[in-house]
Amino acid sequence: MISNLHSGVRGGLSVFDFSANFFRPHNFETPSQFIERSIVLPSGANETTPGPVSFDRRPFLKEIIDCLGDPAVETVWYVAPTRFGKTFLLKVGMAYGVAGDPGPALLIDSTMDKGRGFIKKEWHPLVEGNQCLRSRKPRNRHHYGDGMMLFPGAALTVFGANSDAQVSGETVVRVFGNEVGKWRPATEDEAAIVEQSMHRTESFENRRKHYYSTTPRREKSLEWKEVLKGDLRRWFVSFPGAKERHAMEWANVVWDQECKQEDGEWDLEGVMNTARYKCPETGELWDDEVRLEVVRQGEWRPTRKASPGYRSYQNIGLDGVLKAHSLGRLARDFLQARSDGFYVDRQDFWNARMGMVWVDNVADLSVDKCAALEKDYERGALPEGWKADVVIIGFDVQTWGLPWVCRAFQWTGESYKIDDGLAASWSDLQAVQDDYSHFGTSWVIGDINFEDRRAETLEAIYHRVHMNWIGAEGFEVAKTLTKVTKANVYMGDTKQKANIMVPKLDISLYAFKVEIEKRINGDIQNWWSYRLGADPTGEEIEDQKNYYREILNEKRRPRKKRRLGLPDHEFYAVGPNHKFDDEVYILALFRTLQQRQSARRRKIKTKRSIQVEK
């Protein structure tokens, strides 16, 4: 017998399967039945609905968790918006893997800290609150930490998705993956973490499970390609009077068009009150009460052919049962994302609120597309009757001068270029600000990292901070789109101990370059420029050509070498691109100012509401 065990043969089971089967309760319950019978969600510990687990409120989660007991399914992907139960499924799935069908498991989160935080805040309270789990806790406290828990026959290990060494060092029956969209992709030397994680289960041929959840991102992302290996099941519902079921789509959400005000803005309260779902079959308009009822009676249906062993599920925001997923709130958030005038806000709506993949097509920019942005107003002026909220001048630093662009904005995001040119000195650039400050509060922002002139640039900004001058420092990708920090004017100089600081804006360059691309392409229609008159001078024509040339010299292409944490595409310059850089600095500063303005407005609105209630 010992010989057979070591050779991996005992009635067709490997030594790993035999060991796990020794601790496995033999019953015929499905995972969802076991969870509903045995698991109680503790109060607190990030639980919004404590008490015995029930899938009645969110029935779409039941089939997904039952995949853990389906021998035909090896890999499960669940794609959904935030607050849909993705983390809940991982948690109760792990509970089933400890007490219902024991087996060693691996939990992988985006980082080790994230994974340990999940264990502390959600998993440990779940264990303490349920006898079926608590009775299996190892007696040695050193075997029950935040990174490893040695349950009988069901060791649970926690790793971060940024460590190849960790992920490649375990043999488990189940892999649970949280927010896979944030995991490290493939590099020149290593396969993607998600691909590596699938190898951890190969020793458990008949029981292996890979259970991944994520909020979707871009269409060409690795996790979406993996999702499409499955059958991409959608939640199909049937509204009253309809003969066929259908998966709900955003195109069928409507609201009263009279909520649009004379100034073009939407009355968001009116939109929230009148938002309805239009049945594509009968044309009837249904409110949230009916939507919630049909969601509870829905069913999963595949929408594509799957690879063997793969199963994938996608919920969209309209399938949700929380107030945050109501038709009115989704409609409000949609209009706000569109009115903010930023591409990244639209992507966040479709990803986080709707649970839908974002299609990011690289635009083919041209002179004709630039010319299509021209409006009938003169250079150095603004359209008649249009009032600016803020004017921003962006400058680049070169040995031969300071190429600059001046733009005016309203807080809605609409912008008109006032002028552009080349300043020979800092005083000349200051004169440009003086010339156009009558249009509105003016700011000046520029690159501080031109090596030969960095100290000079910082000192120039320091002497004009009172005039709203600020430095700019770009990073290809940063954690936040913009962040106001400080720079030491005399860093590296004999005066550096004086610690004289100037404000600077850290900018996630890739995101804002995409924003400029989308505006020039016309995908976001709020970015305008002046049109030369009927009889322009040769200098004016050359200035316009030079501006367009420098804008179009910035290109986006697929990245030649995949790098950790960087997008699939990259920007590169085929010639001078100073005006493009100026526009990036300008837009980044505007977004920062716009967000502060929005926060101020929200604060005022909240204060007024409190006063009214009193």
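## A guided tour from hairpin to cavities

Start by selecting Met-149, which stands opposite Leu-156 in strand 6. This is a predicted model, where local features need pLDDT of at least 70, side-chain atom pairs count only at pLDDT 80 or more, and totals for chains, interfaces and linings use all residues. Residues are numbered from 1 along each chain as its sequence is written, and side-chain values use heavy atoms, with hydrogens and water left out.

**Stop 1: the hairpin**

Widen the selection to residues 148–151, which are strand 5, and 154–160, which are strand 6. Strands here are DSSP runs of E with at least two residues, while helices are runs of H or I with at least four residues, and both are numbered from the N terminus. The two strands run antiparallel and are joined by 4 bridges; strands count as paired if DSSP finds at least two bridges between them. Strand 5 and strand 6 make a hairpin with 2 residues between them. Click on Gly-153 in that turn to find a positive phi of about 65°. Now color strand 5 by face: Met-149 and Phe-151 are on the covered face, and Met-148 and Leu-150 are on the uncovered one.

**Stop 2: the whole chain**

Zoom out for a moment. The protein chain has 20 helices and 26 strands. Of its 614 residues, 52% are buried, where buried means under 20% relative accessible area, exposed over 50%, and partly exposed in between (1.4 Å probe, protein chains only). The chain exposes about 29400 Å², with carbon and sulfur atoms supplying 48% of it; the areas come from the Shrake-Rupley method with a 1.4 Å probe, and for residues only the protein chains shown count as cover. Among contacts (heavy atoms within 4.5 Å) with a separation of 6 or more, 72% are between residues 24 or more positions apart.

**Stop 3: strand 9**

Select residues 233–237 next. How many residues of strand 9 are buried? The count is 5 of the 5, so strand 9 is largely enclosed by the rest of the structure. Show the side chains: Arg-233, Trp-235 and Val-237 point one way, Arg-234 and Phe-236 the other way, and all are buried.

Then add the partners of strand 9:

- Strand 15, residues 310–314, runs parallel to strand 9 and is joined to it by 2 bridges; look for Gln-314 opposite Arg-234.
- Strand 14, residues 299–301, pairs with strand 9 in the antiparallel sense over 3 bridges, and here Arg-234 stands opposite Arg-301.
- Strand 10, residues 246–247, runs antiparallel to strand 9, with 2 bridges; Val-237 stands opposite His-246.

**Stop 4: an open sheet**

Move on to strands 11, 12 and 13, which form an open sheet in the order 11-12-13 with antiparallel pairing. Strand 11 (253–254) and strand 13 (285–286) stand at the edges with a single partner strand each, so one side of each has no neighbour in the sheet. Strand 12 covers residues 276–278 and is joined to strand 11 by 2 bridges. Pick Val-254 and you will find its bridge partner, Arg-276, in strand 12.

**Stop 5: Arg-217**

Select Arg-217 in the loop between strand 8 (209–214) and helix 10 (222–227). Arg-217 is partly exposed, with a relative accessible area of 27%. Measure from its C-alpha to that of Val-357: the two residues are 140 apart in sequence and 5.4 Å apart in space. Beyond its neighbours within four places in sequence, Arg-217 is in contact with Gly-181, Glu-223, Asn-351, Met-356, Val-357 and Trp-358.

**Stop 6: the cavities**

Rolling a probe the size of a water molecule over the atoms shows where empty space is left. A cavity is a set of points on a 1 Å grid over the protein atoms alone where a 1.4 Å probe fits but cannot get out, and lining residues have an atom within 4 Å of a point. Points are joined across faces, edges and corners, and a volume is the space filled by probe spheres set on them. The whole structure holds 3 cavities of 30 Å³ or more.

The largest cavity contains about 100 Å³ of space. Select its lining: Arg-218, Glu-219, Lys-220, Trp-358, Val-359, Asp-360, Tyr-510, Arg-556, Pro-567, Asp-568 and His-569. By class, that is 4 nonpolar, 1 polar and 6 charged residues, with Ala, Val, Leu, Ile, Met, Phe, Trp, Tyr, Cys and Pro counted as nonpolar, Asp, Glu, Lys and Arg as charged, and the others, Gly among them, as polar.

Finish at the second largest cavity, about 80 Å³ in volume. Its lining has 7 nonpolar, 1 polar and 1 charged residues, including Cys-370, Leu-373, Arg-407 and Trp-527. Helix 19 (538–552) and strand 24 (527–530) each supply at least two lining residues, and helix 19 gives the largest share, 3 residues.

Notes: 1 Å grid on protein atoms, 1.4 Å probe; cavity = no way out; pocket = protein on both sides within 12 Å on 5 of 7 lines; lining within 4 Å.
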